[in-house]
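Work through the exercises below with the model open. Each task is followed by a stepwise solution.

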Amino acid sequence: MAAAALFTSPHFPSLSHSPNTLRFSQSRRRHRSVIRAQIRGEKRGVAVIWFKHDLRIDDHPGLVAATSNHLALVPLYVFDNRILLRFSDEMLEMVLIALEVLRNSLRSKGSNLVIRLGTAENVIKGLVKEVNATHVYAEEEAEHDLRKLMTVAEETLETLPFPEKGPKLVLWRTPFYDIESLMDLPLSYEEFNKLRFQVSSPLPPPTLPDTSMELNWGPIPTLDELMEFIMNVNTRKRKSSWSSIKEKSAENLLMKELLKTGASNQSNSSFKNAQSFQQKRVINSVFVTREGSVVGGGTNSVLNALAAYLRYLEGTARDDWEEVHERIRNAEAREGASFIKLFGPALSLGIISRRRVHYEAIKYEKDRNAGFLSPFGYSTVSGAAAINAVCSMEWYWLMSLKCQISGDRTYGIRIWKWKGHLIQYTVAGHKGPAILLVHGFGAFLEHYRDNIYDLAEGGNQVWAITLLGFGKSEKPNVVYTELMWAELLRDFIVEVVGEPVHLVGNSIGGYFVAILACFWPTLAKSVVLVNSAGNVVPGYSFVPFTKDRQTSGAAWLGARLLVFYLRSRLKSIVKNCYPTKTDRVDDGLINEMLRASYDPGVLAVLESIFSFNLTLPLNYLLKDFEERVLVIQGMKDPISDSKSKLAMLREHCDRFVIKELDAGHCPHDELPEEVNSIIGEWIVTRESKIQVGSIALERTILCTEGQ
């Protein structure tokens, strides 16, 4: 009982691990042996602390546990290309600055930080052999690729000829809530709140043992050196050739089109604000990167910025706090959204922990209210934004872990992190043309439940994603736009899929893939629109596009009325979209829609409905794709006039291939066999034309060279 209590105590580092689809052999037994050693007061030999997304010594459970259990510690950071490729240039710069602060913090406590460039498993193997380490401590990850990387690292350690089956990989996580097992975590946020879990307290930095061993600690590279390393070791030529694609935002590309057509250029207020902000940067700024758009540095720097953020409404004479306040005003597109925008990257890199933010925000609330928390909610907008954000992030992190270890699912769920947010996806098939399935508003990847494997069995590699703001993917407090979702899909193809895809989109998902095909055509082989949103506008040249999306009071109220209406009549609403086969609207589909409607952040997503801009017509977005567009239209769609829409498409997009079905708004789920057959035949046809085109191109090149 003593060991179990220590294992789950909110005041002791959580050295826990749950079984999952990726193998971490015998890890629970290993963790318990470490705990028993700690209870007996025994000290083991050397431990390696592998820093990844935990760039701090404050509130670091792994560091505290290793200090308690080992005579010597060797902190390590590995610049592994598989991790670095996911970072923007600004995030890479933040990593370098945070590592400099982390190294100085460790040195001030008699330790140091080993810096290595290479593959994590080989670096760790070499360092473990060099220092004779018995344990490697690493934070548990939610992202699929990082979990796979850690599996490889553990398997590599097991090959070392050490006694007692080699060095042990010990996974730790910060116990935000006192939850003994992820399997006990309800997937409904409404049910989770009823359990009333208390948030645990952060841990102070531990007293570290002096590092007396002689090691090549290694220099921290410059940003230019790091960029050169990434390019040199990147073996994925496709990703390398696409490196510039992500730099071109949909908004910038759209602004270029506006200028080309002579349309009225809208005020570039955000750019002017950024210029003004750069001119007012103060010495020792918390906005440490050259771009200077987010809070960075070390833990103390972020805590200082957090203090300024929480006191936003109080005013201040401090230059550094005034700088934070000015940035808040520029970032506050909707109430509380500035917190994620400013502090999200620091939280993602682990420069500060989620529960440290929670602790500081609650402490500030109590200081304002004579030591008490108000029963009527938080007293400041900034305090509420910080607390709600970290609690929401923790919920989605826990749910992401659980979804990957649950064995009762039809699909193997994977997690991808986009701009610090957790996105769910799945993949079926190991070879063949890549297909990306994109759901509509309010749906999720499981809406393609009877399409994924059937299409994969036809010789395709099928990817399905749950977009940010839907299903079990994260729902951060941001302003959601159709351009943002299109950019998410772009980055998913570049970072995860790694090759051009056949895009399939239903409803608003069809509009997203049309935007993607328009602005980044090299990523798309073809486009399949399944009862897509968007219109056809005859004689269309260009329409001014609204850039700024501020949340209005009407949208705030509308979202709350809408969620109440949807929850009360959801089944009848969805059945109306399945007029031919209403039995397809089963409990599994409805229950997941209802579950998601209670997730934290869902109201921000619903507010976006009132600011959607669908003025870019399909005939403009797909003007260069016409012969590569398939339209599958359920003719009984209650949401749009299918006959009129198809008439316009046939008149103004005559090279589109159109298939009519006796179905409603979601024919892919209502009539999956028919839709799978149509898409399967379409992919075969398109691939054969691509192959013929490639052969013709090769012959042309050979003929040119022969001349």
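**Exercise 1. Overall make-up**

Task: State what share of the residues of the protein chain counts as buried, and list its secondary structure elements.

Solution.
1. Of the 707 residues in the protein chain, 57% are buried. The model is predicted.
2. The chain holds 27 helices and 13 strands.
3. Take the contacts with a separation of 6 or more: 78% of them join residues 24 or more positions apart.
4. The exposed area is about 29900 Å², and 52% of it comes from carbon and sulfur atoms.

**Exercise 2. The five-stranded sheet**

Task: Give the strand order of the open sheet of five strands, then place the helices that pack on it.

Solution.
1. The order reads β3-β2-β1-β4-β5, and the pairing is parallel.
2. Find the edges. β3 (114-117) and β5 (168-172) each have a single partner strand, so one side of each lacks a neighbour in the sheet.
3. Check the twist. Neighbouring strands are turned by 30 degrees against each other on average, with direction ignored.
4. Look at one pair. Strands β1 (residues 44-51) and β2 (residues 70-79) run parallel and are joined by seven bridges. R44 stands opposite H70 of β2.
5. Add helix α3 (residues 61-69). This helix touches β1, β2, β4 (133-139) and β5, and its direction makes about 145 degrees with that of β2.
6. Add helix α5 (residues 89-108). Helix α5 lies across β1, β2 and β3, at about 165 degrees to β2.

**Exercise 3. Two positive phi angles**

Task: D59 and N132 each need a check of phi and of burial. Which is buried and which is exposed?

Solution.
1. Start from the background: most residues other than glycine have a negative phi.
2. D59 is not a glycine, yet its phi is positive, about 50 degrees. N132 is not a glycine either, and its phi is about 55 degrees.
3. Locate them. D59 sits in the loop between β1 and α3. N132 sits in the loop between α6 (120-131) and β4.
4. Apply the cut-offs: buried is under 20% relative accessible area, exposed is over 50%.
5. D59 has 0%, so D59 is buried. N132 has 51%, so N132 is exposed.

**Exercise 4. The eight-stranded sheet**

Task: Give the order of the open sheet of eight strands and describe its pairing.

Solution.
1. The order is β6-β7-β9-β8-β10-β11-β12-β13, with mixed pairing.
2. The edges are β6 (414-418) and β13 (657-661). Each has a single partner strand, so one side of each is without a neighbour in the sheet.
3. On average, neighbouring strands are turned by 25 degrees against each other, direction ignored.
4. β6 pairs with strand β7 (residues 421-428) in the antiparallel sense, over five bridges. The bridge partner of R414 in β7 is Y425.
5. Helix α17 (residues 381-405) lies across β6 and β7 and runs at about 15 degrees to β7.
6. Helix α20 (residues 508-519) also packs on the sheet, touching β8 (434-438), β10 (501-506) and β11 (524-530). Its direction makes about 145 degrees with that of β10.

**Exercise 5. A nonpolar patch**

Task: Which residues make the nonpolar surface patch of about 330 Å²? Classify W556 by accessibility.

Solution.
1. The patch is made by W556, L557 and L561.
2. W556 belongs to helix α21 (residues 553-576).
3. Partly exposed covers the range between the buried and exposed cut-offs. W556 has 47% relative accessibility, so W556 counts as partly exposed.

Definitions and conventions: Residues numbered from 1 in each chain as written. Predicted model: local features only at pLDDT ≥ 70, side-chain atom pairs only at ≥ 80, totals over all residues. Heavy atoms only, no water. Pairing = 2+ DSSP bridges. Helix = DSSP H or I, 4+ residues; strand = E, 2+ residues; numbered from the N terminus. Axes fitted to C-alpha atoms, helices over the stretch in contact; angles between N-to-C directions. Contact = heavy atoms within 4.5 Å. Patch = residues over 30% accessible without salt bridge, like charges linked within 9 Å, V, L, I, M, F, W, Y side chains within 5 Å. Areas by Shrake-Rupley, 256 points an atom, 1.4 Å probe, with all protein chains shown as cover. Salt bridge = Lys/Arg side-chain N within 4 Å of Asp/Glu carboxyl O. Buried < 20%, exposed > 50% of the residue type's maximum accessible area, 1.4 Å probe, protein only.
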